[in-house]
Structure formats: C-alpha cells, structure tokens
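Student: Hey, can we go through this protein together? I'd like to know how to read it.
Tutor: Sure, have a look at it and then fire away.

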Amino acid sequence: MSASLRLIDSHAHLDFPEFDPDRDAVFAAMAKANISTCIIPGVSPAHWDRQLQVAHQYACPYGLGLHPWYVDANWQSAIDDLSERLDSHRSDKKLVAVGECGLDRIRDGNWHWQQQALEAQLLLAGKHQLPVILHSVKSHEPLISLLSSHSLPRRGVIHGFYGSVEVAKRYIELGYRLGIGGLLLNDDAKKLHKVIETLPIESFICETDSPAMAPKSARGSRNSPLLIGQIVTKMAHLQKKSNVLISERLLSNVAQLFEL
C-alpha cells in the first residue's frame, strides 16, 4: 500500500480496554501508515463516557448507539439516555452516526427487546439526520424488513457484512453501503469474495471492527486499524483494479456517507 494513499477505518472500537496499554502507539502507527482516522461506534450507556473521552482526545469521528448485545429489559431507559446525549452533542461535528445498533440472532435471549431498541434508534437517526451503523448477525430478513419501513434520509452501513450477493443487493437497493472487514482476508470466505467481485466499489466502505474480527491468519491476536491496508489491497485484487483507484473510491464512499 502506497504511503500516498489516505485510508480511514470506518469501524474500530479503540475506546475498548484492549487498547488501554498502548493507545498512543496505535494512533502513531496509524499515522505512519497514512490511516488518517477511524470512526468509533458506541455500544452502551456504560461505555459512552469513555468512548467520548477517547474520541475527543484523538479527534476521531464517532457514533452513539445501543448495540444488540447490551439490550436488556431496561432498553427504554438506555434509549432515553441516548436521545438526551444526541440532543446535547448535536453541534459536535465529530458525531457522525447513530450506532452501533442492530439485530443479533446468536444472542436471541433479548430478541424482542433488540427489535424495539433498534426501531427506536432508527427513529432517532431520522430525527437527527444521521446515518446508522448497523450490526446484523443471522438477521438479514428482519433487518431488511425494518429498514424497508423506515426511509432514513442518510441511510447508513451494514457493518461487518458477510452475506450473499443477493442479500447485498437488497441492502444496496435500499440505499445502504456494506462495511467490509478482515474476514475478507480469509481464503475460505468465498461468499464474501464473490460479493466484492460482483458489485460496484461504490457499494462498500472498509473497516476492521478492532479489537475483534481479526482474520484467521492473525487469530488470537488483537485486531487493529493497521489491517485496513491489507483489506483494501484484497478488494483491489478481487475487483481487478489498482490499489490507488480502490483506495480513492473507498475514501470517497466513507467521507460521503459520514460527511467527514
């Protein structure tokens, strides 16, 4: 990856405690690799204060949201808190999204609450004219149904996308982009490779989901935004286009979506 190509990680939880020992060093390494910034998504009320502190300290754009893993019987209280924070931060140019929010069937003990909390966050995204950062695990059909009934002005991104070409096209038809992460680097990710080969580069943004979602080659290691260059290179290879072109288009896509 040429040092002249600017990159953005569209989804990295650099506020998480895994980065507490060396966060300064990670940001220094990102700068050296020409990764200009990352978007830090929110996950729960218990995390938001620390998240905002890190985002402001390192001048990172961020989202505020309630992740489906953290939804419980008190979800309405969390949504009320989220609504108040979105109101109080509306003049902060670094606030660029509602999320991370969404649906996760693997954690379906709170499934009914997940759906209610997500719908509430879609309404907040519409109210504040912000895009959404969406988590979807084994839940594409209910998520597509919900998004179809909420025509959000700024749409958003399906983060960590790992579905079929057909599912990808349905999201794209609704106006959403697909977040592509380190799973793309796995040799056996044939379905995801096909998505990148088949669909136009305008459909994608790239991300790492750090510290999670490391590719199999780095399994057991902490993931970081430094992986972005490899993801872009793989996308360029699959699209049979140059790194320069793909990097420029991905940068344009993420800047347009989040108004960076």
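Tutor: One term before we start: two residues are in contact when they have heavy atoms within 4.5 Å of each other. Also keep in mind that this is a predicted model.
Student: Okay, so what share of the contacts join residues at least 24 apart?
Tutor: It's 71%, counted among contacts between residues at least 6 apart in sequence.
Student: And how many helices and strands are there?
Tutor: The protein has nine helices and eight strands.
Student: Why can we call it as compact as a globular protein of that length?
Tutor: The globule rule gives 18 Å for 260 residues, and the radius of gyration here is 17 Å, which is close to that, so the protein is as compact as a globular protein of that length. If you'd like dimensions, the C-alpha trace spans about 45 × 40 × 35 Å along its principal axes.
Student: What percentage of the residues is buried?
Tutor: Buried residues account for 57% of the 260.
Student: And the surface, how much of that belongs to carbon and sulfur?
Tutor: Carbon and sulfur atoms hold 51% of an accessible surface of about 11200 Å².
Student: What about charges? How far apart are the mean positions of the positive and negative ones?
Tutor: They're 7 Å apart, with 27 positive and 28 negative charges going into those means.

Student: Let's go inside. Which residues have the most contacts in the largest nonpolar core?
Tutor: Those are Leu134, Phe161, Tyr171, Phe204 and Met235, in a core of 73 residues. Helix α4, residues 111-128, supplies the largest share of this core, with seven residues.
Student: Is there another core, and which residues are in it?
Tutor: Yes, apart from the largest one lies a core of eleven residues, among them Ile8, Val96, Val157 and Ile205.
Student: Back to Tyr171. What does it touch?
Tutor: If you leave aside neighbours within four places in sequence, the contacts of Tyr171 include Ser136, His140, Leu143, Ile144 and Phe161. Tyr176 and Leu178 are also among them.

Student: New topic: Gln51. Where is it, and is it buried or exposed?
Tutor: Gln51 sits in helix α2, residues 45-57. Its relative accessibility is 0%, so it counts as buried.
Student: Which residues does Gln51 touch?
Tutor: Not counting residues up to four places away in sequence, Gln51 touches Asp15, Ile40, Pro41, Gly42, Tyr62, Gly63 and Leu64.

Student: And Gly160, where's that?
Tutor: Gly160 is in the loop between β6 (156-159) and α6 (165-173). With a relative accessibility of 23%, Gly160 counts as partly exposed. Beyond its neighbours within four places in sequence, Gly160 is in contact with Gly179 and Glu207.
Student: How about Leu183, is it buried or exposed?
Tutor: Leu183 has a relative accessible area of 18%, and the cut-off for buried is under 20%, so Leu183 is buried. You'll find Leu183 in the loop between β7 (177-180) and α7 (190-198). Leaving aside neighbours within four places in sequence, Leu183 contacts Tyr162, Ala189, Leu192 and Met213.
Student: You just mentioned Met213. What's its phi?
Tutor: Phi of Met213 is near 60 degrees, a positive value in a residue other than glycine. Met213 is in the loop between β8 and α8, and it is partly exposed, with a relative accessible area of 33%.
Student: Which residues does a cis peptide bond join?
Tutor: Ser210 and Pro211, with omega at about 5 degrees. Pro211 also lies in the loop between β8 (204-206) and α8 (228-239).
Student: And Glu259, what's phi there?
Tutor: Near 50 degrees, again a positive value in a residue other than glycine. Glu259 lies in the segment after α9 (243-258), and it is exposed, with a relative accessible area of 58%.

Student: Last one: how far apart are Val244 and Leu5 in sequence and in space?
Tutor: They're 239 residues apart in sequence and 6.9 Å apart in space, C-alpha to C-alpha. Val244 lies in helix α9 and counts as partly exposed, at 40% relative accessibility.
Student: And what separates Leu183 from Leu245?
Tutor: Their C-alpha atoms are separated by 22 Å, with the two positions 62 residues apart along the chain.

Technical notes
Residues numbered from 1 in each chain as written. Predicted model: local features only at pLDDT ≥ 70, side-chain atom pairs only at ≥ 80, totals over all residues. Heavy atoms only, no water. Helix = DSSP H or I, 4+ residues; strand = E, 2+ residues; numbered from the N terminus. Rg over C-alpha atoms; globule rule 2.2 N^0.38 Å. Buried < 20%, exposed > 50% of the residue type's maximum accessible area, 1.4 Å probe, protein only. Areas by Shrake-Rupley, 256 points an atom, 1.4 Å probe, with all protein chains shown as cover. Lys, Arg positive; Asp, Glu negative; His and termini not counted. Charge placed at Lys NZ, Arg CZ, Asp CG, Glu CD. Core = buried A, V, L, I, M, F, W, Y, C linked by side-chain atoms within 4.5 Å.
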